[in-house]
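Dear colleague,

Please find below the structure that I am handing over to you. I would be grateful if you could look through it before reading the notes underneath.

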Amino acid sequence: MDLVQREISKETVTPYFVEYFGHEPSHVAAAPGRVNLIGEHTDYNNGFVLPMALENQCVVAVAPSPTGNHRWCGSLGDQIIEISPEDALHVGEPFWTNYVRGVLANLHRRGIDVGPVDMLIDSNVPRGGGLSSSAALEVSVCTALAALAGVEISPKDVALIGQAVEHEFANVPCGIMDQFISANGKKGNALKLDCASLEYELVPMNDPAVSVLVLDSAVKHSLADGAYGKRRQQCEEAANIMNVPSLREADLEMLEAAQAELGDVRYRRARHVIGENARVAAFAKALSEGKWDEAGVAMRGSHASLRDDYEVSCAEVDTLVSLCDRIPSASSIYGARMTGGGFGGCIVALVKTEDVEKVAQELLEAYHHETGIETTYLVTRPGDGARVLV
Ligand code: GLA
């Protein structure tokens, strides 16, 4: 994965679309990846999350296909895949087409049939790094196809469609966070989401003195391999034992009372979720008051809990986070933590803008020195959510 950004826009994809398909796209849509600032593994527990949209995005150009079949190109330079309208509603090969098939199938279920589509996809959201490249894909495809069909789908429903695609077509039992922020992000803001009601508030994140640094561990992560689903199951069991509908309704008192019955693993999983929901609230408050040190305390607590109680970090990611306390410019970092599903992927750090490039270089060097791994980073501001590009 390479976090170095390549510009993409309607202007960059349109000439390729014309070259591949021989006609202009009728609609072009974009949707971003995300970095989660705090609130990890809480979404499927009806809890709180606080992600922000990246400036990196997936751009999708579409037009009705004159051929009677769908013709899709998954990224620049790739072969065009031709699929019949019937086949396109089912799981198939190559794997990436399932994200498009899943959106078509979900639209079909809602009575929306778009007909055969010529489609070109381009993305600068890094893949496999926990920055939600697949949510960006589902949400941008859904936004482009809704525009093509001339129907309005609310951002909330676009997010729910994206989540259904993950469950049904990619075998990933994810929560709603990634698709929701991709559909609803607003430039200059992070977003605090209540995953039970899907109500949200925008949290301004536009202090020029503080930058968001995302650094890749270069350890590839996958949520389809069972460890993620296992965590979900352990959380559901813990909620059952404590006799609450979800861990959202549990508190530390209930947890202590049920400790023996929960057993060590479920106890620690539940302790993470309960603590993480509280840390989201503390982080949001700190942000609204500009108290970056306090925001950093919440981030450190989140990482320790994900590492020790939830056990979704890995040695390399822990090294990166601990380097944030050990490099010469450590005092320019307010806080750092793993971000996303875990088992590899990226860390996110809040850093004094004046020192952010220096901090990034020191981290790259120290990480290489300690692990032998060369990697990349990006400095980003909160970007916009899904939109049709005009
Ligand atoms: C992945 C999932 C999200 C969320 C995070 C962990 O990104 O797609 O729904 O569960 O992991 O916070």
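The notes that follow describe what was found, beginning with the ligand and then turning to strands, backbone and single residues. Please keep in mind throughout that this is a predicted model.

**The ligand and its surroundings**

The ligand is surrounded by 12 residues, and the closest are Glu40, His41, Asp43, Asp178 and Tyr228. The space that the ligand takes up is the largest cavity.

Three polar approaches to oxygen atoms of the ligand may be inspected individually. For Asp43, a polar side-chain atom lies 2.5 Å from a ligand oxygen atom. For His41, the atom concerned is a backbone N or O atom, and its distance from an oxygen atom of the ligand is 2.6 Å. For Arg34, an N or O atom of the side chain is 3.0 Å from an oxygen atom of the ligand. On its own, the ligand has 300 Å² of accessible area, and the protein covers 98% of this.

Asp178, named above among the closest residues, belongs to helix H5, which comprises residues 177-184. With a relative accessible area of 15%, Asp178 is buried, because that value falls under the 20% limit. The side chain of Asp178 also makes a polar contact with the side chain of Ser132, at 3.3 Å. Ser132 appears again below, in the section on the backbone.

**Strand E1 and its partners**

Strand E1 covers residues 27-38, and 11 of its 12 residues are buried, so this strand is largely enclosed by the rest of the structure.

Which strands pair with E1? One of them is E2 (residues 48-64), which runs antiparallel to E1 and is joined to it by 10 bridges. Within this pairing, His27 is found opposite Val62 of E2. E12 (residues 387-389) also pairs with E1 in the antiparallel sense, here over three bridges. In that pairing, Val28 is placed opposite Leu389 of E12.

**Strand E10 and its partners**

Strand E10 spans residues 346-352. Six of its seven residues are buried, and E10 is therefore largely enclosed by the rest of the structure.

Strand E8 (residues 210-216) pairs with E10 in the antiparallel sense, over seven bridges. Strand E9 (residues 333-338) is likewise antiparallel to E10, and five bridges join the two. Ala349 of E10 takes part in both pairings: it is the bridge partner of Leu213 and also the bridge partner of Ala336.

**Backbone features in the loops**

As background to this section, most peptide bonds are trans, and most residues other than glycine have a negative phi. The places listed here depart from that pattern.

- The peptide bond that leads from Glu93 to Pro94 is cis, with omega near -15 degrees. Pro94 lies in the loop between strand E4 (80-83) and helix H2 (97-109).
- Ser132 is not a glycine, yet its phi is positive, near 65 degrees. The loop that holds Ser132 runs between strand E5 (117-123) and helix H3 (133-149). Ser132 counts as buried, because its relative accessibility is 9%.
- Phe343, also a residue other than glycine, has a positive phi of about 60 degrees. Phe343 is located in the loop between E9 and E10.

**Further single residues**

Is Glu316 buried, partly exposed or exposed? Its relative accessible area is 25%, so Glu316 is partly exposed. Glu316 is part of helix H10, which comprises residues 315-326. Along the chain, Glu316 and Glu166 are 150 residues apart, and their C-alpha atoms are separated by 27 Å.

Asp194 is found in strand E6 (residues 189-194). Its relative accessibility is 14%, and Asp194 therefore counts as buried. The C-alpha atoms of Asp194 and Val388 are separated by 26 Å, and these two residues are 194 residues apart along the chain. Val388 falls within the residue range of E12, the strand that pairs with E1.

**Where to begin**

When you open the model, the ligand may serve as a starting point, with Asp43, His41 and Asp178 among its closest residues. From Asp178, the polar contact of its side chain leads to Ser132, the buried residue whose phi is positive.

With kind regards

Terms used
Residues numbered from 1 in each chain as written. Predicted model: local features only at pLDDT ≥ 70, side-chain atom pairs only at ≥ 80, totals over all residues. Heavy atoms only, no water. Buried < 20%, exposed > 50% of the residue type's maximum accessible area, 1.4 Å probe, protein only. Helix = DSSP H or I, 4+ residues; strand = E, 2+ residues; numbered from the N terminus. Pairing = 2+ DSSP bridges. Near = heavy atom within 4 Å. Polar contact = N/O pair within 3.5 Å; in protein donor to acceptor, adjacent residues only side chain to side chain. Areas by Shrake-Rupley, 256 points an atom, 1.4 Å probe, with all protein chains shown as cover. 1 Å grid on protein atoms, 1.4 Å probe; cavity = no way out; pocket = protein on both sides within 12 Å on 5 of 7 lines; lining within 4 Å. Sits in = over half its atoms within 2 Å of the grid points.
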